[in-house]
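Visitor: I am new to reading protein structures, and I would like to learn how the words used for them are justified. Could we look at one together?

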Amino acid sequence: IDKEVSTQLISGLIEGLVSEKRIQFRDKQGLVIDASNSSEAYGLFAKINIVEFKRVLSNLINNSVEAMGNKGNIDVILRSFDGDVQVIVRDDGIGIPKDVLSKLTERGVSFGKEKFEKSGSGLGLFHAKETVEKWGGNLKIESEEGRGTDLLMILPKQLAPEWFLPEIKLTEGCEIVILDDDSSIHQVWQARFDNIGIDTEFVHHFNSPEPLKDWVEKNRMVSQSHHSNNILYL
């Protein structure tokens, strides 16, 4: 596995993974997995390895799911705090006793999983902490019995790369065209457009270049006759 680290936009990685987790645990009818970001979260970058980051975050979410069972709320929060990037996996489960809490990131220590189908080896949190520390960050656990648990992945914040666009301005009547072979990216974009009330007829999704080329050609003929070509390509 490629262990190389690079500066990455964290919000997109989180939203894509949360979408995957909703599908993975869709049989748990009473379980809600959500992602909520602070106002500045979209522009937060950290130096990570993408594959390992997704694995760590996936394991943190799995830990919350396994400790809660078939119902409850899990919220993945992205925020900037004290010069760092914080990714928080928050659940409203039973919480963890103080005497166990301080030992949970040690090898072989787990809590709460024995009640459910799988038993935990304790390696998930231990390896997550090791991985995050390799990137100059830290993994913390905050919990209160009866109120739930926060699993915090804390990473040094990086400056945004030159290619980063902090905002996209949409004009009235703009058509939006999205090209990506990753279905989770389409889900992320569509969710954002739904949130601001953009009509779905103005949003066009393509998974490969050929159908997009056909759409562009047809649209070019229409736009020439209507003297309009207000299109945003993503």
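Visitor: What does the accessible surface of the chain come to, and how much of it belongs to carbon and sulfur atoms?
Guide: In this predicted model, the accessible surface of the chain comes to about 13600 Å², and 50% of that area belongs to carbon and sulfur atoms. The chain has 234 residues, of which 40% are buried, and its secondary structure consists of 6 helices and 10 strands.

Visitor: What makes Glu52 a buried residue?
Guide: The relative accessibility of Glu52 is 5%, and the word buried applies under 20%, so Glu52 counts as buried. Glu52 has its place in helix α2, residues 50-68, and, leaving aside its neighbours within four places in sequence, it is in contact with Lys3, Thr131, Lys134 and Trp135.

Visitor: Why are Arg192 and Glu15 said to meet in a salt bridge?
Guide: A salt bridge requires a side-chain nitrogen of Lys or Arg within 4 Å of a carboxyl oxygen of Asp or Glu; for Arg192 and Glu15 the distance from N to O is 3.0 Å, and therefore the pair qualifies. This pair links distant parts of the chain, since Arg192 lies in helix α5 (residues 183-195) and Glu15 in helix α1 (residues 10-24), 177 residues apart. By this rule, the count comes to 7 salt bridges.

Visitor: Are Arg192 and Glu15 buried or exposed?
Guide: Glu15, with a relative accessible area of 16%, is under the 20% limit and is therefore buried, whereas Arg192, at 25%, lies between the limits of 20% and 50% and is therefore partly exposed.

Visitor: How do you know that the charged end of Arg192 sits over the ring of Trp189?
Guide: The charged end of Arg192 is 5.6 Å from the centre of that ring, while the distance limit is 6 Å. The rule also asks for a position within 35 degrees of the ring normal, and the charged end of Arg192 is listed as sitting over the ring of Trp189. Another case is Arg79, whose charged end sits over the ring of Phe81, 5.1 Å from its centre.

Visitor: Why is the pair of Trp163 and Phe164 called edge-to-face?
Guide: A pair of aromatic rings is described by the distance of the centres and the angle of the planes. For Trp163 and Phe164 the centres are 6.3 Å apart, within the limit of 6.5 Å, and the planes are at 80°, which is over 60, so the pair is edge-to-face. The structure holds 6 aromatic pairs, and Tyr42, Phe45, Trp163 and Phe164 form one aromatic cluster.

Visitor: What makes Trp163 exposed and Phe164 buried?
Guide: Trp163 has a relative accessibility of 60%, which is over 50%, so Trp163 counts as exposed; Phe164 has a relative accessible area of 14%, which is under 20%, so Phe164 is buried.

Visitor: How do you know that Asp82 is exposed, and where is Asp82 found?
Guide: The relative accessible area of Asp82 is 70%, over the 50% limit, and therefore Asp82 is exposed. Asp82 is found in the loop between β4 (71-81) and β5 (84-91), and its phi is near 55°, a positive value in a residue other than glycine.

Notes
Residues numbered from 1 in each chain as written. Heavy atoms only, no water. Phe/Tyr/Trp six-rings, centres within 6.5 Å; stacked < 30°, edge-to-face > 60°. Buried < 20%, exposed > 50% of the residue type's maximum accessible area, 1.4 Å probe, protein only. Helix = DSSP H or I, 4+ residues; strand = E, 2+ residues; numbered from the N terminus. Areas by Shrake-Rupley, 256 points an atom, 1.4 Å probe, with all protein chains shown as cover. Contact = heavy atoms within 4.5 Å.
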